[in-house]
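User: I am new to reading protein structures and would like to go through this one step by step. Could you explain each term as we meet it?

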Amino acid sequence: MIVTNPRFMNQAFARAFNSRNIDSLLALYEHDAKLRVDASEKTLSGRSEIADELNALMQMPGTMISNNNFCIEHGDIALLRADWTFIGSDGTVVVSGSSAEIVRRQSDGTWRYAIDHAAGAGLARVA
């Protein structure tokens, strides 16, 4: 997966996920990227830990759809929010949410996730 415009990161993620190819998914992450998947404080670091989580995620049945809600670029970084949905084989929504991500332009002009919080934009407000 090669992404040369950060606005297309989330669609690339969904395509890679739907291919069920872990190497395609991991190619979207920097080697030392951070990933958080829920409201816990557990943050995964690096492609090895991220691979374990993504392999588990790929066991979820259905097709993923992920659309960019916004992309704010500033030099070689961009802040993204995606709205994602898993659709079951019967067409029903299995689960959906909104992520928050920071992506960084690499020296070759491609973009990769530096920080990915899969549920970050959909968490409940803090009192």
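Analyst: Helices (H or I, at least four residues) and strands (E, at least two) are DSSP runs, numbered from the N terminus. This is a predicted model, in which local features need pLDDT of at least 70 and side-chain atom pairs count only at pLDDT 80 or more, while totals for chains, interfaces and linings use all residues. Residues are numbered from 1 along each chain as its sequence is written, and side-chain values use heavy atoms, with hydrogens and water left out.

User: Which pattern does the protein follow when read along the sequence?

Analyst: The protein contains 3 helices and 6 strands. Written as α for a helix and β for a strand, their order along the sequence is α-α-β-β-α-β-β-β-β.

User: In what order do the 6 strands form the sheet?

Analyst: Two strands count as paired if DSSP finds at least two bridges between them. The sheet is open and its pairing is mixed. Strand 2 (44-45) and strand 3 stand at the edges with a single partner strand each, so one side of each has no neighbour in the sheet. The order of the strands is 2-1-6-5-4-3.

User: How many bridges join strand 5 to strand 6?

Analyst: Strand 5 has strand 4 (residues 77-87) as an antiparallel partner over 11 bridges, and Ile87 is there the bridge partner of Val93. With strand 6 (residues 111-117), strand 5 forms a hairpin that has 5 residues between the strands, and Gly109 in that turn has a positive phi of about 90 degrees. Ala100 stands opposite His117 in strand 6. These two strands run antiparallel, and the number of bridges joining them is 6.

User: Which residue in the turn between strand 4 and strand 5 has a positive phi?

Analyst: Strand 4 and strand 5 form a hairpin, with 5 residues between them. The residue in this turn with a positive phi, of about 90 degrees, is Gly91.

User: Is Ser99 buried or exposed?

Analyst: Buried means under 20% relative accessible area, exposed over 50%, and partly exposed in between, using a 1.4 Å probe and protein chains only. Ser99 is placed in strand 5 (residues 93-105), as is Ser98, which counts as buried because its relative accessibility is 10%. Since the relative accessibility of Ser99 is 3%, Ser99 is buried.

User: With which side chain does the side chain of Ser99 make a polar contact?

Analyst: A polar contact is a pair of N or O atoms within 3.5 Å; within protein, one must be able to donate a hydrogen and the other to accept it, and residues adjacent in sequence count only if both atoms are side-chain atoms. Contact in general means heavy atoms within 4.5 Å, and, not counting residues up to four places away in sequence, Ser99 touches residues including Asn10, Trp84 and His117. The polar contact, at 2.5 Å, is with the side chain of Glu101.

User: Which element gives the largest share of the largest nonpolar core?

Analyst: A nonpolar core is a set of buried Ala, Val, Leu, Ile, Met, Phe, Trp, Tyr and Cys residues joined through side-chain atoms within 4.5 Å. The largest one has 28 residues, and those with the most contacts inside it are Met9, Phe13, Leu28, Tyr29, Ile50 and Leu54. Among the elements that give two or more residues to this core are strand 1 (29-36), helix 3 (46-57) and strand 3 (63-74). The largest share, 6 residues, comes from helix 1.

User: At about what angle does helix 1 run to strand 3?

Analyst: Axes are lines fitted to C-alpha atoms, for helices over the stretch in contact, and angles run from 0 to 180 degrees between N-to-C directions. In helix 1 (residues 9-19), the buried residues include Met9, Phe13 and Phe17. Helix 1 lies across strand 1, strand 3, strand 4, strand 5 and strand 6, and its angle to strand 3 is about 155 degrees.

User: Which residue just after helix 1 takes a positive phi?

Analyst: The residue lies in the loop between helix 1 and helix 2, and with a relative accessible area of 32% it is partly exposed. Its positive phi is about 60 degrees although it is not a glycine. The residue is Arg20.
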